[in-house]
Amino acid sequence: MHQDSRIFVAGHRGLVGSAILRQLAAEGHANLVTRTRAELDLTDQAAVRAFFDREKIEHVFLAAARVGGILANERQGADFIRDNLLIQTNVIDAAWRAGVGKLLFLGSSCIYPRLAEQPMREDALLTGALEPSNKPYAVAKIAGITMCQAYRKQHGFNAICGQPANLYGPGDHFEPESSHVLPGLIRRFHDAKVAGAPSVTLWGTGTPRREFLYVDDMADACIHLMRHYDEGELINLGTGEDIAIRDLAELVRETVGYAGRIEQDLTKPDGHPRKVVDVTRLTAIGWRARMPLDEGIRRTYAWFLGNGAAPYAAAAE
Ligand code: GFB
């Protein structure tokens, strides 16, 4: 990837895509291509093919996906499997047809079996049953990985696959119901503080453990892979460290400055008992995460206050 390479960031308005775009621009890449959903519907095969035929793209960061937290995954499985299969199939195939030099596909740590040995190595893929709450999403992502590997084998297409841990940071979605745990808790602790509410509800038992990767670290890792990784084998993207959800809730509570109680809602799902990725392969190619979790949460809350808090509060009135 050169300074003047023609680079398409698919999903540039999302959490990951916007961070990749920021960093590429900061590093002096000027030939960046983006399309909003209104300009290019990635679920439309003909439109995606026409786009790639026209634009002479050299590198693709495929960060466009339908994503959401555990409840959104559980309730809207049809949307998650359909949209992700369509987007990734259209983009990977059209990119290969148009002669794109390299494509990075992003999976997720939820592709690994529910009871995979921890930390989860890349070769745990397809060795056991998936976690039911996000199976449609995981199956779509596994199809994308398999597609990249098959296109590499049959066509020599340089498609690589990164498997990120749970991501968070500025630019996330902070809805209380459909978002991931970290933005969901920021929203609920903040709203409870503003309203003077006596307690905040934590979903599930609080015992599941998760690994959180700050989005600017994620963007940096993706660009590192684009420059230095050309293998068909998947590669995990994470910190290698995890935290129990109830300890995470305490951290968020302290950051937000909320003094009330934390209660549990045991009707909500726990999901994977533990998800932390093995980063041996990532470390071996010279990359490691930098952002400590407490500092990352502080920055995310500061961004939320500046950008996300007001519109939701207004809508809720
Ligand atoms: O972030 P999260 O929705 O994703 O939930 P997953 C993580 C854990 O936090 C679960 C608990 O054990 C939840 O029960 N939790 C506690 C909460 N309070 C809350 C809350 O207010 N909101 C949310 N969302 N969770 C997703 C997958 O699984 O991970 C996706 O469904 C994707 O497919 C993503 O892979 C990275 O880690 O459980």
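## A first look around this predicted model

P119 sits in the loop that runs between β4 (102-106) and α5 (135-155). That's a fun place to start, since a cis peptide bond joins Q118 and P119 there, with omega at about -10 degrees. Keep in mind as you look around that this is a predicted model. Another stop on the tour is the ligand, which has 22 residues around it. After that come helix α7, a few buried residues with polar contacts, and two residues with positive phi.

**Around the ligand**

- Which residues come nearest to the ligand? Of the 22 around it, they are I70, R188, R210, P269 and D270.
- If you click on I70, look at its backbone: a polar atom there is 2.7 Å from an oxygen atom of the ligand.
- P269 does something along those lines too, with a polar backbone atom 2.6 Å from an oxygen atom of the ligand.
- Over at S179, the partner is a nitrogen atom of the ligand, and a polar backbone atom of S179 is 2.9 Å from that nitrogen.
- How much of the ligand does the protein cover? On its own the ligand has 700 Å² of accessible area, and the protein covers 97% of that.
- As for where the shell residues come from, α3 (70-75), α6 (181-195) and β7 (199-203) each supply at least two of them.
- Helix α6 gives the largest share of the shell, with 3 residues.
- Sorted by type, the shell has 10 nonpolar residues, 8 polar ones and 4 charged ones.

**Helix α7 and H224**

- Helix α7 covers residues 215-228, so to speak a stretch of 14 residues, and spans 20 Å from its first C-alpha to its last. That is close to the 20 Å expected at 1.5 Å a residue.
- Is α7 mostly covered or mostly open? Mostly covered: 11 of its 14 residues are buried.
- The buried residues of α7 include a run from D217 through M218, A219, D220, A221, C222, I223, H224 and L225 to M226, and V215 is buried as well.
- H224 is worth a closer look; you'll find this histidine in helix α7.
- H224 counts as buried because its relative accessibility is 16%, and the cut-off for buried is under 20%.
- Which backbone oxygen does the side chain of H224 reach? That of I285, at 2.7 Å.
- Leaving out residues up to four places away in sequence, H224 touches Y229, I285, G286 and W287.
- For a sense of scale, pick H224 and S109: they are 115 residues apart in sequence, and their C-alpha atoms are 19 Å apart in space.

**E55 and D93, two buried acids**

- E55 has its place in helix α2, which takes in residues 45-55.
- With a relative accessibility of 13%, E55 falls under the 20% cut-off and therefore counts as buried.
- The side chain of E55 makes a polar contact of 2.5 Å with the side chain of R6.
- R6 also turns up among the residues that E55 touches, along with R35, once residues up to four places away in sequence are set aside.
- D93 belongs to helix α4, residues 77-97.
- Is D93 buried or exposed? Buried, because its relative accessible area is 8%, under the 20% cut-off.
- The side chains of D93 and R97 are joined by a polar contact of 2.6 Å.
- Here's a bit of helix background: an α-helix has 3.6 residues a turn, so residues three or four places apart point the same way.
- Setting aside neighbours within four places in sequence, D93 is in contact with R49, M147 and Y151.

**Positive phi in two loop residues**

- K56 isn't a glycine, yet its phi is positive, near 50 degrees.
- You'll find K56 in the loop between α2 and β3 (59-62).
- Since the cut-off for exposed is over 50%, K56 counts as exposed with its relative accessible area of 60%.
- L126 isn't a glycine either, and its phi is positive at about 60 degrees.
- Where does L126 sit? In the loop between β4 and α5, where P119 is found as well.
- L126 counts as exposed because its relative accessibility is 63%, over the 50% cut-off.

Key
Residues numbered from 1 in each chain as written. Predicted model: local features only at pLDDT ≥ 70, side-chain atom pairs only at ≥ 80, totals over all residues. Heavy atoms only, no water. Near = heavy atom within 4 Å. Polar contact = N/O pair within 3.5 Å; in protein donor to acceptor, adjacent residues only side chain to side chain. Areas by Shrake-Rupley, 256 points an atom, 1.4 Å probe, with all protein chains shown as cover. Helix = DSSP H or I, 4+ residues; strand = E, 2+ residues; numbered from the N terminus. Nonpolar A, V, L, I, M, F, W, Y, C, P; charged D, E, K, R; others polar. Expected span 1.5 Å × (residues − 1). Buried < 20%, exposed > 50% of the residue type's maximum accessible area, 1.4 Å probe, protein only. Contact = heavy atoms within 4.5 Å.
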